[in-house]
Amino acid sequence: LKSRLILQVHDELVIETYREEEEAVRGILMENMTAAATRLERYVDCVRDVQKMEDIEIRTEQMDLKKWIADMASAFSMLAEQNKRQLEIRDFSKTPFIRTDQDMLSKVLENIFSNALRFSEKQIVLIIEETDDCVSFSIQDDGAGFAQEELSCAALLFYTQSAPLHTCSGRTGGGNFGIGLSICKILCGKLGGALHLENGSGRGAVVTAKISKCGDSGERAAD
């Protein structure tokens, strides 16, 4: 009788353990399905955002370059301070006015600076330079920088920093599709320039947005 009771208790414990494991598996499956649905929803939103950028009309007008730089520097300084980052600005531009779409240019720089805030450790540097035809804005951080694969793929649509195009989660695990760089690439082309990615001479990533001074809107590929 005692042996039967022991066997019965053992069987009940095995059954209960199996049920608990089954419930745990169901819970994990439900979480995975919910996460997959969320990623799919975000993917659709990203496609729509990129399509909007592709279709957007560029409206060029004369822009006070020095005033715009001062305004952006002020906004970026506040964000850097809030995120406990040091911001250094090196403005080598000399042209007082250029023709461009100010709103779209602001969007490009805001996206790049947002990435720099996210991946930097202590410092961010903004460098403004110009040639006869173009103005370039380079934002450098002191983070880990780009891997070689990322230098080739980071501006492609929906590239994530943990894997290429077809995956859905970046290194933050939040379903980052690299939409910011994709939008920057499209807008730089529409502003007559290009988006260039590289690593700094020491460490950190450098993202450069180059645009035309005179409002040319011919699209060019990212360097």
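**Salt bridges and nonpolar core of a predicted model**

Trainee: Which residue forms a salt bridge with Glu121?

Mentor: In this predicted model, local features need pLDDT of at least 70, side-chain atom pairs count only at pLDDT 80 or more, and totals for chains, interfaces and linings use all residues. Residues are numbered from 1 along each chain as its sequence is written, and side-chain values use heavy atoms, with hydrogens and water left out. A salt bridge requires a side-chain nitrogen of Lys or Arg within 4 Å of a carboxyl oxygen of Asp or Glu. The closest N and O atoms are 3.1 Å apart, and the partner of Glu121 is Arg203.

Trainee: How many residues apart are Glu121 and Arg203?

Mentor: Glu121 is in the loop between α3 and β4, and Arg203 is in the loop between β6 and β7 (helices, H or I, of at least four residues and strands, E, of at least two are DSSP runs numbered from the N terminus). The pair therefore links distant parts of the chain, with a separation of 82 residues.

Trainee: Which residue pairs with Asp91 in a salt bridge?

Mentor: Asp91 lies in strand β2 and its partner in helix α2, 25 residues apart. The closest N and O atoms are 2.9 Å apart, and the partner is Lys66.

Trainee: Which helix gives the most to the largest nonpolar core?

Mentor: A nonpolar core is a set of buried (under 20% relative accessible area, 1.4 Å probe, protein chains only) Ala, Val, Leu, Ile, Met, Phe, Trp, Tyr and Cys residues joined through side-chain atoms within 4.5 Å. The largest such core has 36 residues, of which Trp68, Leu109 and Phe137 touch the most other members. With 8 residues, the element that gives the most is α3.

Terms used:
Buried < 20%, exposed > 50% of the residue type's maximum accessible area, 1.4 Å probe, protein only.
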